[in-house]
Amino acid sequence: MSISAKQVKELRDMTGAGMMDAKNALVETNGDIDKAIELLRERGEAKAVKKASKVAAEGIMKLKVSDDHKKGTLLEINTQTDFVAKNEGFIELSDKILNHVYENQIDTIEELNKSTIDGQNFEDFIKEQIAKIGENIVVRRVVNYIANENEYIYGYMHFNNKNGVVLKAKFDSEATEKGAEKLIQQITMHVSALGPEYISYKEFTHEFVESELSALKGQLKVLNEENEILGKPLKTIPEFGSRLQITDEVLAEKEAEIKKELLAEGKPEQILDKIIPGKIARFIEDNTQIDSQYALYEQPFVLNPEVSVEEAIAQESEKLGGTIEVLEYKRFVVGEGIEKKEEDFAAEVASQMKGQ
């Protein structure tokens, strides 16, 4: 099958793989880019799969949360250039659209386009604004949260207005919410910084874990080959990737295995109960790397990496004598998933070859 230079460039941009690695993966998968990505990950040849676009579009993120934390709106508005995104007129327009979405509880772009603003259809309104500003404007994404009983909404906007989060949490009482408000605001900032895709590993599917574990093993295998050449310590290749896979039976077998090894080393049986818990904790840490990569609760808390986010919540709950739970959140980064005009990659390669 013939593989085009454009396909190779797309795969390279998404994975960071070398040119020939990308081309070979596409040949082996008959041009299926998703399968090629998985193949590169399994081989450890994908440096980092970009789930967003190759080149981010410009624009701005807007956030509004009510003073009583019962209502919140986050939306993304895209422009063609960063210059327009910083224009005072565009910022005023963005605020107007934000308030329109917030006040009318508009949940989708489809609803927004059918709505009426300033006495006219929203789509016609936007066309007029495009004509005034002289550049294309697209309201791309929107999320609108309304809190039920004992639920509260929080938001965080990064200083550059390019990364925003809106989060809904639940408490057993208003008093607990007041006491935990600072912590939840910090967790909202954590989501902005690290972008976990799930709240807990319990939301994973077994298929997802198996796919990610295969990729992780491939990456560690390549890293260990490099470390061996450089004389550096080798990384442990995990047997598992998530607590989803570590059953009570698995832990019991591991504990028995550790006990047998310690006795073989001549360790007195009466001190084993002081050694085994630490080794079990290390086993869990080594074999739950997918959890800490993708799940909020299992990640080290950015403001106190000694504890996980879940542990930080548990400590605060105990201190306040109540319950705290993150229910859902949305994190938007301006331009993710949008491609701008690409360079002619074939011409770029030809130019490089000519210069050799």
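**Exercise 1. Classify the accessibility of Asp21 in this predicted model, and place the residue in its secondary structure element.**

Solution. Step 1: the relative accessibility of Asp21 is 29%. Step 2: the class "buried" requires a value under 20%, and the class "exposed" a value over 50%. Step 3: Asp21 therefore counts as partly exposed, at 29% relative accessibility. Step 4: the residue belongs to helix α2, which covers residues 19-28. Step 5: as a spatial reference, the C-alpha atoms of Asp21 and Val8 are separated by 9.3 Å, while 13 residues separate the two in sequence.

**Exercise 2. Describe the overall architecture of the chain through its secondary structure, its dimensions and its burial.**

Solution. Step 1: the chain contains 14 helices and 10 strands. Step 2: along the principal axes, its C-alpha atoms occupy a box of roughly 85 × 70 × 30 Å. Step 3: the chain has 356 residues, and 42% of them count as buried. Step 4: among contacts with a separation of 6 or more, 66% involve residues 24 or more positions apart. Step 5: the accessible surface amounts to about 19,800 Å², and carbon and sulfur atoms contribute 49% of that area.

**Exercise 3. Determine how many charged side chains of each sign the chain carries, and how far apart the centres of the two sets lie.**

Solution. Step 1: the chain has 46 positive side chains and 67 negative ones. Step 2: the centres of the two sets are 4 Å apart. Step 3: side chains of opposite charge can pair when their charged atoms come close. Step 4: with a cut-off of 4 Å between nitrogen and carboxyl oxygen, the count is 15 salt bridges.

**Exercise 4. Compare the setting of three salt bridges: Lys86 with Asp82, Glu151 with Lys168, and Lys267 with Glu265.**

Solution. Step 1: Lys86 and Asp82 form a salt bridge with an N to O distance of 3.0 Å. Lys86 is exposed because its relative accessible area is 61%, whereas Asp82, at 25%, is partly exposed.

Step 2: in the bridge between Glu151 and Lys168, the closest N and O atoms lie 3.8 Å apart. This pair links distant parts of the chain, with Glu151 in strand β6 (residues 151-157) and Lys168 in strand β7 (residues 163-171), 17 residues apart. Both Glu151 and Lys168 are buried.

Step 3: Lys267 and Glu265 meet in a salt bridge at 3.4 Å, N to O. Lys267 has a relative accessible area of 31% and is partly exposed; Glu265, at 53%, is exposed. Step 4: elsewhere, Glu58, Asp82, Lys86 and Lys162 are joined into one network by salt bridges that share partners.

**Exercise 5. Identify the residues of a negative surface patch and of a nonpolar surface patch, and examine one member of each patch.**

Solution. Step 1: Glu239, Asp248, Glu249 and Glu253 form a negative surface patch. Step 2: from this patch, take Glu253, which is located in helix α10 (residues 248-264). Its relative accessibility is 57%, so Glu253 counts as exposed.

Step 3: Leu194, Val302 and Leu303 make a nonpolar surface patch of about 260 Å². Step 4: from this patch, take Leu303, which is found in the loop between β8 (300-301) and β9 (304-308). Leu303 counts as exposed because its relative accessibility is 53%.

Methods
Residues numbered from 1 in each chain as written. Predicted model: local features only at pLDDT ≥ 70, side-chain atom pairs only at ≥ 80, totals over all residues. Heavy atoms only, no water. Patch = residues over 30% accessible without salt bridge, like charges linked within 9 Å, V, L, I, M, F, W, Y side chains within 5 Å. Areas by Shrake-Rupley, 256 points an atom, 1.4 Å probe, with all protein chains shown as cover. Salt bridge = Lys/Arg side-chain N within 4 Å of Asp/Glu carboxyl O. Lys, Arg positive; Asp, Glu negative; His and termini not counted. Charge placed at Lys NZ, Arg CZ, Asp CG, Glu CD. Helix = DSSP H or I, 4+ residues; strand = E, 2+ residues; numbered from the N terminus. Buried < 20%, exposed > 50% of the residue type's maximum accessible area, 1.4 Å probe, protein only. Contact = heavy atoms within 4.5 Å.
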